[in-house]
Amino acid sequence: MTERVITPRNRGFLFIDSHPVGCERVVNDMWQAAAPPVSVPDSAPVALIIGSSAGYGLAATVTGLARVGIRGIGISFEKAPERRTGTAGWYRTAATAELARRHGRDMVFLNGDAFSDAMKDQVAELIEQRFGGRLDYLIYSVAAPRRTDPDTGVTYASVLKPIGHAYRTKTLVFDGDGEPEVTDAEMQPAAGDDIAQTVAVMGGADWERWIGRLAARGLLADGFTTAALSYIGSTLTGEIYRQGTIGAAKTHLEQTARTLDERLGKLVGGRAVTSVNAAAVTQSSTAIPGIALYVGLLRGVLGNAMVPPVDQLAELWDQLTGARPLALDAEGRVRLDTWELDPGVQAAVAERWNAATTGTITRLADTRWFHAEVERLYGFAVPGIDYTQPVETDVPWPDLTL
Ligand SMILES: NC(=O)c1ccc[n+]([C@@H]2O[C@H](COP(=O)([O-])OP(=O)(O)OC[C@H]3O[C@@H](n4cnc5c(N)ncnc54)[C@H](O)[C@@H]3O)[C@@H](O)[C@H]2O)c1
(Lines give C-alpha, C1' and ligand atoms only; values in the text may rest on other atoms or scores of the structure.)
Protein backbone atom coordinates (compact mmCIF):
# COMPACT_ATOMS: atom_id res chain seq x y z
CA MET A 1 0.00 0.00 0.00
CA THR A 2 1.39 3.39 -0.98
CA GLU A 3 -1.19 6.00 -0.10
CA ARG A 4 -0.18 9.60 -0.59
CA VAL A 5 -1.45 13.02 -1.56
CA ILE A 6 -0.73 13.68 -5.25
CA THR A 7 -0.38 17.26 -6.35
CA PRO A 8 0.14 18.43 -9.93
CA ARG A 9 3.77 19.11 -10.84
CA ASN A 10 4.41 19.96 -14.43
CA ARG A 11 6.77 21.29 -17.03
CA GLY A 12 4.60 22.94 -19.67
CA PHE A 13 1.87 20.50 -20.68
CA LEU A 14 3.75 17.48 -19.27
CA PHE A 15 2.96 16.38 -15.74
CA ILE A 16 5.28 14.28 -13.61
CA ASP A 17 2.61 12.45 -11.62
CA SER A 18 -0.94 11.30 -12.32
CA HIS A 19 -3.87 11.08 -9.95
CA PRO A 20 -5.32 7.54 -9.89
CA VAL A 21 -8.75 8.49 -8.58
CA GLY A 22 -9.05 11.44 -10.96
CA CYS A 23 -8.11 9.19 -13.89
CA GLU A 24 -10.70 6.63 -12.77
CA ARG A 25 -13.38 9.32 -12.59
CA VAL A 26 -12.52 10.56 -16.09
CA VAL A 27 -13.07 7.05 -17.47
CA ASN A 28 -16.31 6.57 -15.52
CA ASP A 29 -17.59 9.88 -16.89
CA MET A 30 -16.71 8.79 -20.42
CA TRP A 31 -18.61 5.53 -19.88
CA GLN A 32 -21.66 7.47 -18.68
CA ALA A 33 -21.44 9.76 -21.71
CA ALA A 34 -21.16 6.73 -24.00
CA ALA A 35 -23.96 4.70 -22.40
CA PRO A 36 -26.13 3.30 -25.16
CA PRO A 37 -29.82 3.82 -25.58
CA VAL A 38 -29.81 0.48 -27.46
CA SER A 39 -29.33 -3.02 -26.09
CA VAL A 40 -26.04 -4.82 -26.57
CA PRO A 41 -26.03 -7.66 -29.14
CA ASP A 42 -25.81 -11.26 -27.83
CA SER A 43 -22.84 -12.11 -30.02
CA ALA A 44 -20.38 -9.55 -28.70
CA PRO A 45 -18.07 -8.61 -31.56
CA VAL A 46 -14.36 -9.17 -30.97
CA ALA A 47 -12.30 -5.99 -31.26
CA LEU A 48 -8.66 -5.06 -30.95
CA ILE A 49 -7.94 -1.46 -29.98
CA ILE A 50 -4.33 -0.34 -30.35
CA GLY A 51 -3.64 2.76 -28.23
CA SER A 52 -6.48 2.03 -25.79
CA SER A 53 -5.29 4.02 -22.76
CA ALA A 54 -5.59 7.61 -23.96
CA GLY A 55 -7.21 10.06 -26.34
CA TYR A 56 -9.13 8.62 -29.26
CA GLY A 57 -8.12 5.01 -28.57
CA LEU A 58 -9.54 5.24 -25.04
CA ALA A 59 -12.73 6.76 -26.46
CA ALA A 60 -12.87 3.85 -28.95
CA THR A 61 -12.46 1.35 -26.13
CA VAL A 62 -15.01 2.88 -23.76
CA THR A 63 -17.66 3.50 -26.43
CA GLY A 64 -16.98 0.08 -27.94
CA LEU A 65 -17.55 -1.59 -24.57
CA ALA A 66 -20.47 0.55 -23.41
CA ARG A 67 -22.31 1.02 -26.68
CA VAL A 68 -21.40 -1.85 -28.99
CA GLY A 69 -20.78 -4.50 -26.34
CA ILE A 70 -17.40 -5.47 -27.75
CA ARG A 71 -15.06 -7.93 -26.10
CA GLY A 72 -11.44 -8.34 -27.01
CA ILE A 73 -8.07 -6.73 -26.44
CA GLY A 74 -6.74 -3.23 -25.73
CA ILE A 75 -3.04 -2.42 -26.10
CA SER A 76 -1.12 0.54 -24.77
CA PHE A 77 2.38 1.44 -23.62
CA GLU A 78 2.31 2.75 -20.05
CA LYS A 79 4.58 2.98 -17.04
CA ALA A 80 3.81 1.16 -13.81
CA PRO A 81 3.78 2.96 -10.47
CA GLU A 82 7.25 2.87 -8.91
CA ARG A 83 8.98 5.77 -7.24
CA ARG A 84 6.63 8.04 -9.15
CA THR A 85 2.98 7.33 -9.76
CA GLY A 86 2.02 5.19 -12.72
CA THR A 87 1.25 7.04 -15.95
CA ALA A 88 -2.29 8.32 -16.36
CA GLY A 89 -2.90 5.68 -19.04
CA TRP A 90 -2.00 2.98 -16.51
CA TYR A 91 -4.74 4.17 -14.15
CA ARG A 92 -7.25 4.78 -16.95
CA THR A 93 -6.66 1.22 -18.15
CA ALA A 94 -7.28 -0.16 -14.65
CA ALA A 95 -10.53 1.82 -14.51
CA THR A 96 -11.63 0.72 -18.00
CA ALA A 97 -10.93 -2.92 -17.14
CA GLU A 98 -12.99 -2.62 -13.97
CA LEU A 99 -15.95 -1.16 -15.87
CA ALA A 100 -15.68 -3.90 -18.50
CA ARG A 101 -15.61 -6.56 -15.77
CA ARG A 102 -18.61 -5.05 -13.98
CA HIS A 103 -20.60 -5.07 -17.21
CA GLY A 104 -19.61 -8.64 -18.05
CA ARG A 105 -17.44 -7.78 -21.08
CA ASP A 106 -14.34 -9.93 -21.56
CA MET A 107 -11.68 -7.32 -22.28
CA VAL A 108 -7.97 -8.06 -21.92
CA PHE A 109 -5.47 -5.22 -21.60
CA LEU A 110 -1.85 -5.66 -22.65
CA ASN A 111 0.94 -3.27 -21.80
CA GLY A 112 3.84 -3.20 -24.23
CA ASP A 113 5.14 -2.16 -27.62
CA ALA A 114 2.46 -2.61 -30.28
CA PHE A 115 5.16 -2.18 -32.96
CA SER A 116 6.88 -5.42 -31.92
CA ASP A 117 6.16 -8.83 -33.41
CA ALA A 118 6.13 -10.31 -29.90
CA MET A 119 3.04 -8.22 -29.12
CA LYS A 120 1.42 -9.23 -32.40
CA ASP A 121 2.02 -12.91 -31.65
CA GLN A 122 0.67 -12.58 -28.11
CA VAL A 123 -2.49 -10.96 -29.46
CA ALA A 124 -2.87 -13.63 -32.17
CA GLU A 125 -2.67 -16.34 -29.50
CA LEU A 126 -5.25 -14.58 -27.35
CA ILE A 127 -7.62 -14.29 -30.31
CA GLU A 128 -7.12 -17.99 -31.05
CA GLN A 129 -7.47 -19.25 -27.51
CA ARG A 130 -9.84 -16.85 -25.84
CA PHE A 131 -11.88 -15.11 -28.52
CA GLY A 132 -12.94 -17.95 -30.81
CA GLY A 133 -10.25 -17.36 -33.43
CA ARG A 134 -12.01 -14.47 -35.13
CA LEU A 135 -11.41 -10.75 -34.99
CA ASP A 136 -14.24 -8.49 -36.17
CA TYR A 137 -12.73 -5.01 -35.67
CA LEU A 138 -9.33 -3.40 -35.30
CA ILE A 139 -9.05 0.28 -34.35
CA TYR A 140 -5.58 1.71 -34.77
CA SER A 141 -4.99 4.82 -32.64
CA VAL A 142 -1.30 4.91 -31.79
CA ALA A 143 0.62 8.15 -31.33
CA ALA A 144 4.27 7.37 -30.63
CA PRO A 145 7.62 9.11 -30.86
CA ARG A 146 9.60 6.04 -32.01
CA ARG A 147 9.18 2.71 -33.74
CA THR A 148 11.62 -0.14 -34.20
CA ASP A 149 11.06 -2.03 -37.45
CA PRO A 150 10.98 -5.73 -36.49
CA ASP A 151 12.45 -6.77 -39.87
CA THR A 152 15.57 -4.62 -39.73
CA GLY A 153 15.92 -3.66 -36.06
CA VAL A 154 16.21 -0.02 -37.17
CA THR A 155 14.58 2.48 -34.80
CA TYR A 156 12.87 5.47 -36.41
CA ALA A 157 12.02 8.73 -34.63
CA SER A 158 9.13 10.96 -35.66
CA VAL A 159 9.58 14.74 -35.67
CA LEU A 160 7.13 17.64 -35.87
CA LYS A 161 8.62 19.92 -38.52
CA PRO A 162 7.41 22.00 -41.44
CA ILE A 163 8.51 20.90 -44.91
CA GLY A 164 10.46 23.15 -47.28
CA HIS A 165 10.95 26.24 -45.15
CA ALA A 166 11.18 27.44 -41.57
CA TYR A 167 7.86 28.25 -39.94
CA ARG A 168 6.99 30.70 -37.22
CA THR A 169 3.72 30.27 -35.32
CA LYS A 170 1.95 31.82 -32.39
CA THR A 171 1.63 29.44 -29.45
CA LEU A 172 -0.19 29.37 -26.15
CA VAL A 173 1.72 28.67 -22.96
CA PHE A 174 0.86 28.98 -19.29
CA ASP A 175 3.16 30.53 -16.69
CA GLY A 176 3.84 29.03 -13.26
CA ASP A 177 0.57 30.50 -11.92
CA GLY A 178 -1.45 29.02 -14.78
CA GLU A 179 -1.80 32.41 -16.51
CA PRO A 180 -1.96 32.19 -20.31
CA GLU A 181 0.63 33.85 -22.55
CA VAL A 182 0.76 34.05 -26.33
CA THR A 183 4.31 33.65 -27.57
CA ASP A 184 6.08 32.75 -30.81
CA ALA A 185 7.83 29.54 -31.78
CA GLU A 186 10.00 29.05 -34.82
CA MET A 187 10.62 25.65 -36.32
CA GLN A 188 13.32 24.71 -38.78
CA PRO A 189 12.25 22.68 -41.81
CA ALA A 190 12.61 18.92 -42.08
CA ALA A 191 16.14 17.94 -43.05
CA GLY A 192 17.87 14.70 -44.03
CA ASP A 193 15.49 11.79 -43.69
CA ASP A 194 13.15 13.50 -41.18
CA ILE A 195 10.13 12.93 -43.42
CA ALA A 196 10.91 9.25 -44.03
CA GLN A 197 11.55 8.69 -40.31
CA THR A 198 8.22 10.27 -39.34
CA VAL A 199 6.37 8.27 -41.99
CA ALA A 200 8.05 5.10 -40.70
CA VAL A 201 6.65 5.75 -37.20
CA MET A 202 3.26 7.38 -37.79
CA GLY A 203 2.41 6.15 -41.31
CA GLY A 204 0.63 2.92 -42.15
CA ALA A 205 3.49 0.37 -41.99
CA ASP A 206 2.68 -1.03 -38.57
CA TRP A 207 -1.09 -1.06 -39.16
CA GLU A 208 -0.46 -3.07 -42.34
CA ARG A 209 1.86 -5.42 -40.46
CA TRP A 210 -0.83 -6.10 -37.85
CA ILE A 211 -3.40 -6.96 -40.51
CA GLY A 212 -0.90 -9.07 -42.45
CA ARG A 213 0.10 -11.15 -39.44
CA LEU A 214 -3.44 -11.71 -38.22
CA ALA A 215 -4.60 -12.58 -41.76
CA ALA A 216 -1.71 -15.05 -42.17
CA ARG A 217 -2.99 -16.94 -39.11
CA GLY A 218 -6.55 -16.91 -40.45
CA LEU A 219 -7.85 -14.77 -37.60
CA LEU A 220 -9.85 -12.17 -39.54
CA ALA A 221 -13.61 -12.77 -39.39
CA ASP A 222 -15.76 -12.47 -42.50
CA GLY A 223 -16.50 -8.79 -42.95
CA PHE A 224 -13.55 -7.80 -40.71
CA THR A 225 -13.37 -4.00 -40.55
CA THR A 226 -10.48 -1.79 -39.50
CA ALA A 227 -10.10 1.95 -38.99
CA ALA A 228 -7.00 4.04 -38.29
CA LEU A 229 -7.23 7.54 -36.89
CA SER A 230 -6.16 10.49 -38.99
CA TYR A 231 -6.27 14.30 -38.86
CA ILE A 232 -6.51 17.07 -41.43
CA GLY A 233 -6.99 20.23 -39.37
CA SER A 234 -7.10 23.92 -40.07
CA THR A 235 -5.00 26.00 -42.48
CA LEU A 236 -3.89 27.86 -39.32
CA THR A 237 -1.92 24.79 -38.25
CA GLY A 238 -1.46 23.39 -41.77
CA GLU A 239 2.24 24.18 -42.12
CA ILE A 240 3.16 22.26 -39.00
CA TYR A 241 0.49 19.59 -39.28
CA ARG A 242 -0.98 18.49 -42.59
CA GLN A 243 1.74 19.99 -44.81
CA GLY A 244 4.43 19.04 -42.29
CA THR A 245 6.24 15.80 -41.52
CA ILE A 246 3.31 14.40 -39.51
CA GLY A 247 0.97 15.21 -42.41
CA ALA A 248 3.21 13.17 -44.71
CA ALA A 249 2.72 10.26 -42.31
CA LYS A 250 -1.05 10.76 -42.35
CA THR A 251 -1.05 10.78 -46.15
CA HIS A 252 0.83 7.47 -46.03
CA LEU A 253 -1.67 6.10 -43.51
CA GLU A 254 -4.54 7.08 -45.81
CA GLN A 255 -2.82 5.43 -48.80
CA THR A 256 -2.31 2.31 -46.69
CA ALA A 257 -6.05 2.27 -45.97
CA ARG A 258 -6.81 2.15 -49.68
CA THR A 259 -4.38 -0.75 -50.24
CA LEU A 260 -5.69 -2.64 -47.22
CA ASP A 261 -9.30 -2.01 -48.22
CA GLU A 262 -8.71 -3.72 -51.53
CA ARG A 263 -6.88 -6.66 -49.94
CA LEU A 264 -9.46 -7.17 -47.21
CA GLY A 265 -12.33 -6.91 -49.66
CA LYS A 266 -10.91 -9.86 -51.60
CA LEU A 267 -9.80 -11.81 -48.54
CA VAL A 268 -12.77 -11.70 -46.15
CA GLY A 269 -15.22 -9.22 -47.68
CA GLY A 270 -13.74 -6.72 -45.21
CA ARG A 271 -12.97 -3.02 -45.13
CA ALA A 272 -10.17 -0.64 -44.13
CA VAL A 273 -10.76 3.06 -43.69
CA THR A 274 -9.18 6.02 -42.00
CA SER A 275 -11.29 8.07 -39.64
CA VAL A 276 -10.49 11.77 -39.75
CA ASN A 277 -11.21 13.00 -36.25
CA ALA A 278 -11.32 16.53 -34.95
CA ALA A 279 -8.83 18.36 -32.76
CA ALA A 280 -8.90 17.16 -29.16
CA VAL A 281 -6.75 17.87 -26.13
CA THR A 282 -4.48 14.85 -25.72
CA GLN A 283 -0.91 14.30 -24.63
CA SER A 284 0.13 13.97 -28.26
CA SER A 285 -1.75 16.97 -29.63
CA THR A 286 -0.50 19.36 -26.95
CA ALA A 287 3.07 18.55 -28.02
CA ILE A 288 2.44 20.16 -31.42
CA PRO A 289 3.40 23.87 -31.53
CA GLY A 290 0.38 26.09 -32.17
CA ILE A 291 -2.22 23.40 -31.46
CA ALA A 292 -2.88 24.60 -27.90
CA LEU A 293 -3.67 28.09 -29.17
CA TYR A 294 -5.79 26.72 -31.99
CA VAL A 295 -7.83 24.39 -29.76
CA GLY A 296 -8.29 27.08 -27.11
CA LEU A 297 -9.63 29.46 -29.77
CA LEU A 298 -11.81 26.73 -31.31
CA ARG A 299 -13.39 26.22 -27.91
CA GLY A 300 -13.74 30.01 -27.57
CA VAL A 301 -15.75 30.02 -30.80
CA LEU A 302 -17.76 26.82 -30.30
CA GLY A 303 -18.05 26.33 -26.53
CA ASN A 304 -19.99 23.15 -25.76
CA ALA A 305 -20.76 22.65 -29.44
CA MET A 306 -17.31 21.03 -29.76
CA VAL A 307 -17.95 17.32 -30.23
CA PRO A 308 -16.02 15.34 -27.60
CA PRO A 309 -14.03 12.21 -28.55
CA VAL A 310 -16.62 9.80 -27.04
CA ASP A 311 -19.34 11.23 -29.29
CA GLN A 312 -17.09 11.07 -32.34
CA LEU A 313 -16.21 7.47 -31.55
CA ALA A 314 -19.85 6.51 -30.97
CA GLU A 315 -20.48 7.77 -34.51
CA LEU A 316 -17.48 5.83 -35.83
CA TRP A 317 -18.65 2.60 -34.20
CA ASP A 318 -22.14 3.14 -35.60
CA GLN A 319 -20.67 3.44 -39.08
CA LEU A 320 -18.28 0.49 -38.70
CA THR A 321 -20.94 -1.83 -37.32
CA GLY A 322 -23.53 -0.81 -39.92
CA ALA A 323 -25.89 0.74 -37.35
CA ARG A 324 -25.54 3.71 -39.71
CA PRO A 325 -24.28 3.70 -43.27
CA LEU A 326 -20.54 4.10 -43.74
CA ALA A 327 -20.18 7.65 -45.08
CA LEU A 328 -16.85 8.18 -46.84
CA ASP A 329 -15.43 11.29 -48.49
CA ALA A 330 -13.90 11.28 -51.99
CA GLU A 331 -10.62 10.00 -50.51
CA GLY A 332 -12.36 7.09 -48.80
CA ARG A 333 -12.21 8.55 -45.28
CA VAL A 334 -14.83 8.68 -42.54
CA ARG A 335 -15.15 12.36 -41.63
CA LEU A 336 -15.85 13.17 -37.99
CA ASP A 337 -14.25 16.61 -38.26
CA THR A 338 -16.80 18.44 -40.41
CA TRP A 339 -17.94 20.59 -37.48
CA GLU A 340 -14.35 21.71 -36.89
CA LEU A 341 -13.59 22.49 -40.53
CA ASP A 342 -16.90 24.25 -41.17
CA PRO A 343 -15.91 27.44 -43.10
CA GLY A 344 -17.81 29.75 -40.73
CA VAL A 345 -16.10 28.20 -37.69
CA GLN A 346 -12.68 28.38 -39.36
CA ALA A 347 -13.19 32.04 -40.33
CA ALA A 348 -14.12 32.92 -36.75
CA VAL A 349 -11.10 31.04 -35.36
CA ALA A 350 -8.79 32.71 -37.91
CA GLU A 351 -10.04 36.16 -36.94
CA ARG A 352 -9.34 35.42 -33.29
CA TRP A 353 -5.98 33.84 -34.11
CA ASN A 354 -4.86 37.10 -35.79
CA ALA A 355 -6.02 39.17 -32.82
CA ALA A 356 -4.52 36.86 -30.18
CA THR A 357 -1.93 38.41 -27.85
CA THR A 358 -1.22 37.86 -24.17
CA GLY A 359 -3.46 40.89 -23.50
CA THR A 360 -6.45 39.64 -25.51
CA ILE A 361 -6.22 35.85 -25.22
CA THR A 362 -8.59 35.30 -22.29
CA ARG A 363 -11.36 37.09 -24.22
CA LEU A 364 -10.75 35.18 -27.45
CA ALA A 365 -9.96 31.66 -26.27
CA ASP A 366 -11.34 29.43 -23.55
CA THR A 367 -7.98 29.20 -21.83
CA ARG A 368 -9.44 28.01 -18.53
CA TRP A 369 -11.13 25.09 -20.23
CA PHE A 370 -7.96 24.25 -22.13
CA HIS A 371 -5.79 24.38 -19.02
CA ALA A 372 -8.25 22.19 -17.10
CA GLU A 373 -8.43 19.71 -20.00
CA VAL A 374 -4.65 19.35 -19.90
CA GLU A 375 -4.81 18.77 -16.14
CA ARG A 376 -7.56 16.18 -16.62
CA LEU A 377 -5.24 14.21 -18.92
CA TYR A 378 -3.40 13.41 -15.68
CA GLY A 379 -6.44 13.07 -13.44
CA PHE A 380 -6.31 16.59 -11.99
CA ALA A 381 -9.02 19.28 -12.10
CA VAL A 382 -11.67 16.57 -12.12
CA PRO A 383 -14.85 17.83 -10.44
CA GLY A 384 -15.80 15.98 -7.26
CA ILE A 385 -12.30 14.80 -6.31
CA ASP A 386 -10.79 15.97 -3.03
CA TYR A 387 -7.16 16.43 -3.95
CA THR A 388 -6.11 16.97 -0.33
CA GLN A 389 -6.87 13.30 0.45
CA PRO A 390 -4.18 10.61 0.19
CA VAL A 391 -4.85 8.02 -2.53
CA GLU A 392 -3.52 4.55 -3.32
CA THR A 393 -1.05 4.90 -6.18
CA ASP A 394 0.01 1.25 -6.34
CA VAL A 395 -2.83 0.16 -8.59
CA PRO A 396 -2.21 -3.19 -10.33
CA TRP A 397 -2.46 -3.70 -14.10
CA PRO A 398 -5.68 -5.59 -14.86
CA ASP A 399 -5.43 -9.34 -14.44
CA LEU A 400 -5.38 -11.39 -17.65
CA THR A 401 -7.15 -14.41 -16.23
CA LEU A 402 -10.86 -14.88 -16.76
N1 LIG B 1 -5.58 14.50 -30.57
C2 LIG B 1 -6.05 14.98 -31.69
O3 LIG B 1 -6.35 16.19 -31.82
C4 LIG B 1 -6.28 14.05 -32.87
C5 LIG B 1 -7.17 14.43 -33.87
C6 LIG B 1 -7.41 13.55 -34.94
C7 LIG B 1 -6.75 12.34 -34.99
N8 LIG B 1 -5.87 12.00 -34.00
C9 LIG B 1 -5.16 10.71 -34.13
O10 LIG B 1 -5.57 9.82 -33.12
C11 LIG B 1 -4.51 8.89 -32.89
C12 LIG B 1 -4.22 8.83 -31.40
O13 LIG B 1 -3.80 10.12 -30.98
P14 LIG B 1 -4.18 10.70 -29.53
O15 LIG B 1 -4.07 12.18 -29.66
O16 LIG B 1 -5.44 10.07 -29.07
O17 LIG B 1 -2.91 10.17 -28.72
P18 LIG B 1 -2.67 9.89 -27.15
O19 LIG B 1 -1.29 10.36 -26.89
O20 LIG B 1 -3.77 10.44 -26.33
O21 LIG B 1 -2.72 8.30 -27.06
C22 LIG B 1 -1.75 7.49 -27.69
C23 LIG B 1 -1.97 6.04 -27.32
O24 LIG B 1 -0.98 5.26 -28.00
C25 LIG B 1 -0.38 4.38 -27.04
N26 LIG B 1 0.97 4.05 -27.50
C27 LIG B 1 1.98 4.91 -27.78
N28 LIG B 1 3.06 4.20 -28.18
C29 LIG B 1 2.71 2.89 -28.18
C30 LIG B 1 3.39 1.69 -28.49
N31 LIG B 1 4.64 1.67 -28.94
N32 LIG B 1 2.71 0.52 -28.33
C33 LIG B 1 1.43 0.51 -27.88
N34 LIG B 1 0.74 1.61 -27.60
C35 LIG B 1 1.38 2.79 -27.74
C36 LIG B 1 -0.42 5.15 -25.74
O37 LIG B 1 -0.23 4.28 -24.63
C38 LIG B 1 -1.82 5.73 -25.83
O39 LIG B 1 -2.77 4.76 -25.47
C40 LIG B 1 -3.30 9.35 -33.72
O41 LIG B 1 -3.28 8.65 -34.92
C42 LIG B 1 -3.65 10.81 -33.96
O43 LIG B 1 -3.02 11.33 -35.11
C44 LIG B 1 -5.65 12.81 -32.92
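I'll start with helix 6, residues 205-216, which lies across strand 7 and strand 12 and runs at about 170° to strand 12. Helices here are DSSP runs of H or I with at least four residues, strands are runs of E with at least two, and both are numbered from the N terminus. Axes are lines fitted to C-alpha atoms, for helices over the stretch in contact, and angles run from 0 to 180 degrees between N-to-C directions. Contact means that two C-beta atoms, placed from the backbone, lie within 7 Å.

Helix 9, residues 309-321, also packs on the sheet and touches strand 7, strand 12, strand 13 (271-276) and strand 14. The direction of helix 9 makes about 150° with that of strand 12.

Before going on, the source. This is a predicted model, in which local features need pLDDT of at least 70 and side-chain atom pairs count only at pLDDT 80 or more, while totals for chains, interfaces and linings use all residues. Residues are numbered from 1 along each chain as its sequence is written.

Now the sheet. It is open, with seven strands in the order 6-5-4-7-12-13-14 and parallel pairing; strands pair if DSSP finds at least two bridges between them. Strand 6 (107-111) and strand 14 (333-335) are at the edges with a single partner strand each, so one side of each has no neighbour in the sheet. From one strand to the next, the twist averages 20°.

Strand 7, residues 135-140, runs parallel to strand 12 and is joined to it by five bridges. In that pair, Leu135 is opposite Leu220 of strand 12. Beyond its neighbours within four places in sequence, Leu135 has contacts that include Val46, Leu48, Ile127, Leu214 and Phe224.

Which residues have the most contacts inside the largest nonpolar core? They are Val62, Leu135 and Leu297, in a core of 119 residues. Such a core is a set of buried Ala, Val, Leu, Ile, Met, Phe, Trp, Tyr and Cys residues joined through C-beta atoms within 7 Å, and buried means 20 or more other C-beta atoms within 10 Å of the residue's own.

Next, the ligand. It is surrounded by 29 residues, the closest being Gly51, Ala54, Gly55, Leu229 and Thr282; the cut-off is a C-beta atom, placed from the backbone, within 6 Å. Helix 2 (55-68), strand 5 (71-76) and strand 12 (220-230) each give two or more residues to this shell. Helix 2 has the largest share, three residues.

Last, strand 10 (residues 167-174) and strand 11 (residues 180-187) pair antiparallel over eight bridges. They form a hairpin with five residues between them, and Gly178 in the turn has a positive phi of about 80°.

Technical notes: A residue is buried if 20 or more other C-beta atoms lie within 10 Å of its own, exposed if 12 or fewer, and partly exposed in between; C-beta atoms are placed from the backbone.
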